[in-house]
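Student: I should like to examine how the terms used for this model are justified. Could we begin with the contact between the chains?

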Amino acid sequence: MQNSLIRKVIFDEKSRSLLIQTLTIGIFAFVIYILVQQTAYNLDKRGISSGFDFLNMAAGYDISIRLIPFTSEDTHLRAYFVGLLNTLLIAVCGCFLATILGFLVGIIRLSSNWLFKNIAYVYVEFTRNVPVLLQIILYYSILLHLPQIKQAIVLLDNFYLTNRGFFMPSPVFKEGFGIVIASLIFAVIASYFIKKYLKKRQETTGRQYPIFLINSALIIFIPIFFYYTTGMPIEFDNPVLKGFNFKGGMVVRPEFLGMLFGLSVYTAAFISETVRSGIISVSKGQREASQALGLKNNLVMRLIIIPQALRVIIPPLTSQYLNLTKNSSLGIAIGYADLVHGFGGISLNQTGRAIEIMMIVMLTYLSISLIISIFMNIYNKAVQFKGNA
Amino acid sequence: MSLEQVIQLEKVNKWYDDFHVLKDIDLLVEKGQKIVICGPSGSGKSTMIRCINRLEAHQEGKITVHGTELTNDLKNIDLIRKNVGMVFQQFNLFPHLSVLENITLAPIWVKKMPKQEAEEIAMAYLEKVKIPEQAEKFPGQLSGGQQQRVAIARSLAMNPDIMLFDEPTSALDPEMIKEVLDVMIQLAEEGMTMLVVTHEMGFAKTVADQMIFMDEGRIVEEAKPEEFFNNPQNDRTKLFLSQILNH
Amino acid sequence: MSSVALKDLSHNKYYNWIIRNFFSTWLNTFLTIIALIFLYKVGTFFLDWAIFSADFKVNFQGEVITDRTMCSKNIAPGEYGACWTIIYARFDQFMYGLYPAEETWRVNLSFFLLPFAIIGFLFDKLPLRKYFIFFTFIYPFIAYFLLYGGPNLTIVETNKWGGLLVTLFLGVTGIGLAFPLSIVLALGRRSNMPIIKSICVIFIEFIRGVPLITLLFTANVMLPLFLPEGVNPDNLLRALVAVTLFQSAYMAEAIRGGLQAIPRGQIEAAQSLGLTYWQTTRKIVLPQALKIAIPPIVNTCIGLFKDTSLVLIIGLFDLLGIGKATLADMNWTKLYYEVYVFIALVFFIFCFGMSRYSLYLEKKLKTDNS
């Protein structure tokens with residue numbers, strides 16, 4: 001009788017699955033319990049305390065690249081935010097640059113000129129098959145071997161390329177600049193309404209208007225107009241050589257530039273492949289059908305090819321953005337103060353709170369990945385071709 | 001006495017590199033004529049009609065549509081494409097646009113029509129092909145026969161004088177061929193000038209004014225249907241007809 | 001992409017190809033000229049720097065170079081190119097790290113046997129395939145014995161390993177260990193049992209959402225904390241753990257794609273024949289799924305191979321790490337172009353080779369299935 005009960009349990013699908021899952025949870029719980037015990041014991045032995053109180057203690061180190069003010073007396077928590085902002089900064093700039101370069105190269109790969117096509121191909125293959133860390137280090141080395149400050153390369157009188165960074169004038173905004181900004185905002189809002197209005201007019205009368213040109217002109221010239229009429233309210237604080245350094249102006253550090261070039265050029269190679277296969281995926285018949293209807297080439301692109309290509313391009317494009325963001329963690333190799341370098345590296349060494357800090361860092365990256373994935377899923381659902389096609 | 005000639009092909013030759021795909025093609029199409037072109041695959045029939053709206057380019061000879069000569073001049077090409085409609089074997093509907101948007105696209109952007117007017121015309125043609133209720137659906141939700149009918153409506157919405165059909169039913173399941181052929185027959189009865197590349201000989205017998213048989217890039221035989229089916233002159237025509245009519 | 005086809009000038013397909021690809025429009029012709037000028041300038045510059053004006057072992061005065069001051073370009077600046085001597089001088093380090101010179105034959109032997117170990121997996125139609133697959137399974141033990149040491153072979157601690165040895169070790173071992181784990185993860189993710197499925201999903205999404213460097217740090221710093229006293233895994237092993245877990249998550253996703261591509265009908269047919277879940281999986285589903293998934297799997301392997309370079313951040317000396325260390329040596333600083341170009345070339349050869357193999361496979365799959 002015992003026998004048949006056990007048999008029943010093992011061979012019945014439902015109870016077997018229940019059994020397996022219970023066992024699994026049991027094993028996991030056991031392993032985790034042991035790990036936690038062991039870790040607590042080890043931490044205790046080494047005199048490392050735990051907890052998150054270190055976040056309120058002074059960091060004790062400086063961060064040279066930062067978007068918000070930070071001194072060595074600021075807390076580790078603030079160091080976390082500085083690092084996070086730096087990570088986001090390089091991620092946004094990198095994605096922006098990589099997208100432009102990637103689309104450009106992708107389109108070149110589709111051109112009919114054999115030489116351009118294959119030069120682009122060589123670029124893509126070389127860049128994709130060499131580690132990104134090597135490329136970052138290479139660009140950084142090149143930047144470090146720019147001339148010293150005293151022999152800086154001068155561009156346009158006030159821009160200096162040196163081995164300590166790219167020095168440039170910083171804008172000082174005077175009174176009246178607020179008006180220029182307001183006029184820009186006004187121009188953007190106006191262009192939105194103008195676009196709606198002109199589109200409606202096209203629907204009712206059939207006439208087509210060069211909406212893009214009109215709006216671009218608006219957004220460019222209105223602020224320029226107000227800039228001049230309010231007496232040009234921007235002054236530039238030029239970097240001036242005093243002793244061994246520049247005073248005034250602002251500087252873009254070689255660490256940032258090295259990361260930017262390395263990440264952008266690397267990711268652009270992958271993006272170009274995505275763009276190329278996206279455009280190819282639109283079948284030839286689509287182009288032929290639109291041409292047979294009499295559509296001109298630019299309309300064929302705009303109304304038929306590009307909308308369909310984008311649907312195919314955007315999901316893998318988003319995962320490239322994610323990869324770039326994760327690769328920004330390599331900043332530690334060249335001293336760019338991203339999240340992993342400062343908070344994850346220096347703070348960790350100083351406080352010894354490895355587990356807490358690593359947890360925070362990993363959760364941060366997970367959140368970024370999650371947010372981007374959610375947006376991508378929303379976009380994906382919205383643009384699916386309706387139907388079974 | 002002779003009707004206006006809307007399409008003229010004079011000594012048209014085309015090569016793909018060294019492959020001679022169209023050899024000395026001479027063809028005259030009168031207004032309102034229905035011409036059915038048949039022949040084995042690779043004979044150049046699709047290539048020939050695709051030359052008429054410049055989806056392919058000919059290297060020698062002269063093609064004239066409605067008095068406009070077809071050359072590399074983009075203005076001529078645009079003019080011709082506005083007046084010549086084409087229906088493809090693979091339908092080629094735009095999957096990201098609704099059925100209605102598929103049909104109104106060209107009238108709005110090429111003929112610069114107001115949206116309302118374009119939609120009214122589109123609905124009228126959808127009624128004509130007997131699927132007005134599908135207007136808001138997307139191509140992926142329609143059957144093959146429905147899609148092809150939308151494709152026909154899409155071309156008709158531009159009010160062309162000439163319609164080209166490139167094997168319009170070859171990609172359809174058998175039970176849907178009839179609904180598309182019915183639309184084409186109706187179109188023929190209304191007087192449209194049609195060039196149809198097809199294997200549907202029943203359709204040809206019903207509608208064609210002129211049968212053309214092509215083989216290896218040449219027009220081998222050209223005759224009225226009764227002559228063509230009952231008394232083909234050329235041996236190759238006889239062979240082809242015996243193969244295709246024995247199903 | 002021009003909608004107006006060209007009036008081809010001849011029936012010669014080579015001539016036409018040239019016209020179409022180089023001179024089809026005025027713009028195209030202009031671009032061709034620019035590209036040719038660009039190629040000429042860049043090509044001649046690079047060839048000159050890398051080969052014609054470069055030093056290999058002796059400089060232009062005929063002396064054997066022993067440090068950077070003797071490189072031609074440092075003696076006569078502006079006139080000479082790369083000083084490749086650094087590669088020759090440090091070649092052993094690039095390949096083996098600090099592995100004792102008299103024992104490097106063991107490393108060479110492992111390298112040599114490696115292709116035989118993988119070839120069984122890679123090529124379907126191999127004669128005597130069974131023996132090769134058998135060798136694949138015993139190779140890890142042979143390699144471990146050779147590389148680390150044991151009875152009759154002196155032990156070489158892993159902190160002496162470096163250069164290409166470390167890169168290949170991490171890459172190959174990482175992939176090898178990750179492979180079975182990733183199959184389990186992929187199957188688990190598709191399981192009907194919610195607990196199993198959740199564990200797999202959480203693991204995969206967690207690993208894929210964080211940068212590899214954080215996993216390396218975690219393994220480096222936290223592994224000693226998790227283990228009982230006295231058990232102190234060495235650095236290379238810690239990195240291996242991180243790399244294996246990382247690779248398994250990405251490979252699992254690639255395999256999952258392959259699993260999803262198997263039509264449900266296959267499983268239904270197997271079930272109606274009376275096969276159990278494991279039999280179905282092992283004999284029907286997995287063989288087909290893995291075949292389909294090989295191109296994306298190879299892609300993850302290429303990624304892993306490149307990512308092994310990250311271990312330099314935690315103080316291990318892979319190929320790139322040795323490169324940096326060499327540049328820090330007073331005798332050879334400032335020869336960074338030479339070192340990095342060399343390292344890039346090595347990586348390129350391996351990764352490009354793998355991607356070519358993947359393309360070969362994709363083609364083969366297409367013709368097999370159609």
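Tutor: Contact here means heavy atoms within 4.5 Å. The model is predicted, and by that cut-off the contact takes 31 residues from chain A and 30 residues from chain B.

Student: What area do chain A and chain B bury between them?

Tutor: Chain A and chain B bury about 2600 Å², and 61% of that area lies on carbon and sulfur atoms.

Student: Why is the pair D78(B) and K296(A) called a salt bridge?

Tutor: The rule asks for a side-chain nitrogen of Lys or Arg within 4 Å of a carboxyl oxygen of Asp or Glu. The closest N and O atoms of D78(B) and K296(A) are 3.9 Å apart, so the pair satisfies the cut-off of 4 Å. The count between chain A and chain B is 3 salt bridges.

Student: Which elements give two or more residues to the side of chain A that touches chain B?

Tutor: They are α6 (177-205), α9 (284-292) and α10 (297-327) of chain A. The largest share, 8 residues, comes from α9(A). The residues of this side of chain A divide into 10 nonpolar, 13 polar and 8 charged.

Student: What makes β1 and β2 of chain B a pair of strands?

Tutor: Pairing requires at least two bridges. Strand β1 (residues 5-16) of chain B is joined to β2(B) by 8 bridges, and therefore the requirement of at least two is met. The two strands run antiparallel; in β2(B), E30(B) is the bridge partner of Q5(B).

Student: How is the open sheet of chain B ordered?

Tutor: Its 4 strands follow the order β2-β1-β4-β5, with antiparallel pairing. The edge strands are β2 (19-30) and β5 (68-69) of chain B, as each pairs on one side only.

Technical notes. Residues numbered from 1 in each chain as written. Chains lettered and ligands numbered in written order. Predicted model: local features only at pLDDT ≥ 70, side-chain atom pairs only at ≥ 80, totals over all residues. Heavy atoms only, no water. Buried area = accessible area lost by both parts, 1.4 Å probe. Nonpolar A, V, L, I, M, F, W, Y, C, P; charged D, E, K, R; others polar.
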